[in-house]
Amino acid sequence: MIGSLTCMFPEMNLHNDIPRHIAIIMDGNGRWAKSRGLPRIQGHRAGAESVREVIDAGKELGIEYITLYAFSSENWSRPEKEVSALMKLLEQFLESKRKDLMRQNVRLQAIGQLHRLPASTKKKLDQVIDQTKDNTSITLVLAISYGSREEIVEAMRRIAQSAVDGEIQPADIDAKLVADSLYTANIPDPDLLIRTSGELRLSNFLLWQISYAEIFIFDKCWPDFRQGDLFDAVKEYQKRHRRFGAL
Ligand code: IPE
Ligand code: IPE
Ligand code: MG
């Protein structure tokens, strides 16, 4: 496998500096559809193929975690028709990918205010998470009904409650305790953040966790994102010098 990749991308170093965790803001589905005279939902549908591509590419590169921003807290404010179409699409995705995820040894996890999902979507999600929980090749984290500010607020509430209950003192609150109180408690911080469709903003995504992520913006819309684009981002990542504030 590594042989074929090295042929396709001879300048990629597969033995060094592969990001452990890549987070992706999958944006531009609506514009992709609009530019083709299609309804927005067709763009979301086409985006599912790009998801398959990045899982394959991520596995091939030996990436441990891929987090995909699938639906934000703010996306609940879209027209009801689009929201319900997106929820249905998510259910279809989970149903149709269930076997593939097992075959590819992919573990599925989810972060976000999952209790806000329609019962049928939540049920399907829980089933696939449970079914894939012992898989070991790569972890796919879906950020659904996810907002970083909401995540931080919930963490603060839990920490405040432990202080009120006398379990901790204010002086015990440190960066590790905050990180351990987020949805991503057991997930390493992203090394690489990708956003498609050219927008230069974070849109309430993993604000705490991406403090030192390398950022890549692709102009193309998410449904046009392919394996080769992920490889390109990793190649570019390998050229960056991450200093973490030091020299
Ligand atoms: C990203 O595509 C997917 C979701 C936010 C659910 P958009 O739906 O935001 O597409 P654009 O940005 O309007 O083109
Ligand atoms: C961010 O995209 C959320 C997801 C990709 C799920 P949006 O399209 O919702 O973000 P804004 O509105 O352009 O900031
Ligand atoms: Mg968008």
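Me: Which element gives the largest share of the shell around ligand 1?
Reply: That is α2, with three residues. Elements are DSSP runs numbered from the N terminus: H or I over at least four residues for a helix, E over at least two for a strand.

Me: What kind of model is this, and how are things numbered?
Reply: It is a predicted model, in which local features need pLDDT of at least 70 and side-chain atom pairs count only at pLDDT 80 or more, while totals for chains, interfaces and linings use all residues. Residues are numbered from 1 along each chain as its sequence is written, chains are lettered from A and ligands numbered from 1 in written order, and side-chain values use heavy atoms, with hydrogens and water left out.

Me: Back to ligand 1. Which residues surround it?
Reply: M26, D27, G28, N29, G30, R31, R40, H44, A70, N75, R78 and L86. Each has a heavy atom within 4 Å of the ligand.

Me: How do those divide by type?
Reply: Three are nonpolar, five polar and four charged. Asp, Glu, Lys and Arg count as charged; Ala, Val, Leu, Ile, Met, Phe, Trp, Tyr, Cys and Pro as nonpolar; the others, Gly among them, as polar.

Me: What about polar contacts with ligand 1, and where do they fall?
Reply: A polar contact with a ligand is a pair of N or O atoms within 3.5 Å. Polar side-chain atoms of D27 and R31 lie 2.8 Å and 2.7 Å from an oxygen atom of ligand 1. The protein covers 87% of the 370 Å² of accessible area that ligand 1 has on its own, by the Shrake-Rupley method with a 1.4 Å probe.

Me: Where does ligand 1 sit?
Reply: In the largest pocket. A pocket is an open set of points on a 1 Å grid over the protein atoms alone where a 1.4 Å probe fits, with protein on both sides within 12 Å along at least five of seven lines. A molecule sits there if more than half of its atoms lie within 2 Å of the grid points.

Me: And which space does ligand 2 take?
Reply: The largest pocket.

Me: Which element gives the most to the shell around ligand 2?
Reply: Strand β2, residues 65-72, with four residues. The shell divides into five nonpolar, three polar and four charged residues.

Me: What distances do the side chains of D27, R195 and R201 make with ligand 2?
Reply: Measuring to an oxygen atom of ligand 2, a polar side-chain atom of D27 is at 3.2 Å, one of R195 at 3.5 Å, and an N or O atom in the R201 side chain at 2.8 Å. Of the 390 Å² of accessible area that ligand 2 has on its own, the protein covers 78%.

Me: New topic. How many helices and strands does the protein have?
Reply: Eight helices and six strands. The radius of gyration, taken over C-alpha atoms, is 19 Å, close to the 18 Å that the globule rule gives for 247 residues, so the protein is as compact as a globular protein of that length. That rule is 2.2 Å times the number of residues to the power 0.38.

Terms used
A polar contact is a pair of N or O atoms within 3.5 Å; within protein, one must be able to donate a hydrogen and the other to accept it, and residues adjacent in sequence count only if both atoms are side-chain atoms. On a 1 Å grid over the protein atoms alone, a cavity is a set of points where a 1.4 Å probe fits but cannot get out, and a pocket is an open set with protein on both sides within 12 Å along at least five of seven lines; lining residues have an atom within 4 Å of a point.
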